[in-house]
Amino acid sequence: MAKCSICGKGAHFGNNVSHSNRKSNAIWKPNVKSVRIKVNGGTATKKVYVCTSCLKSGAVERA
């Protein structure tokens, strides 16, 4: 679910590394919001998951 439907930004995986150099699994999720956007020139609306960077840049128009 944590995936932007506009740019495709998804979760990144890696390791948390402690001071003693022990490693554990880590996941970083994008800031994804569920928003209603305009489609077909504003005649219809659709509910999609969009990251906040796409909302801020104006890549989608909210309904």
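This short dialogue reads the fold, the overall shape and two loop residues of a predicted model.

Q: How many helices and strands are there in the protein?
A: The predicted model has one helix and four strands. Along the sequence they run β-β-β-β-α.

Q: Is the protein compact or spread out?
A: Compare the radius of gyration with the value from the globule rule. For 63 residues the rule gives 11 Å, but this protein has 16 Å, so it is more spread out than a compact globule. The box around the C-alpha atoms is roughly 55 × 20 × 15 Å along the principal axes.

Q: What share of the residues counts as buried?
A: Buried means under 20% relative accessible area. Here 17% of the 63 residues count as buried. The accessible surface comes to about 4,900 Å², and carbon and sulfur atoms hold 48% of that.

Q: What part of the contacts joins residues 24 or more positions apart?
A: Take the contacts with a separation of 6 or more. Residues 24 or more positions apart make up 32% of them.

Q: Where is Asn-21 found, and what is its phi?
A: Asn-21 is in the loop between strand E1 (12–17) and strand E2 (23–28). Its phi is near 70°, a positive value in a residue other than glycine.

Q: Where is Asn-40 found, and what is its phi?
A: Asn-40 is in the loop between strand E3 (32–39) and strand E4 (44–51). Its phi is near 55°, again positive in a residue other than glycine.

Q: Why does Asn-40 count as exposed?
A: Exposed means over 50% relative accessible area. Asn-40 has 63% relative accessibility, so it counts as exposed. Asn-21 has 48%, so Asn-21 counts as partly exposed.

Definitions and conventions. Residues numbered from 1 in each chain as written. Predicted model: local features only at pLDDT ≥ 70, side-chain atom pairs only at ≥ 80, totals over all residues. Heavy atoms only, no water. Helix = DSSP H or I, 4+ residues; strand = E, 2+ residues; numbered from the N terminus. Buried < 20%, exposed > 50% of the residue type's maximum accessible area, 1.4 Å probe, protein only. Rg over C-alpha atoms; globule rule 2.2 N^0.38 Å. Contact = heavy atoms within 4.5 Å. Areas by Shrake-Rupley, 256 points an atom, 1.4 Å probe, with all protein chains shown as cover.
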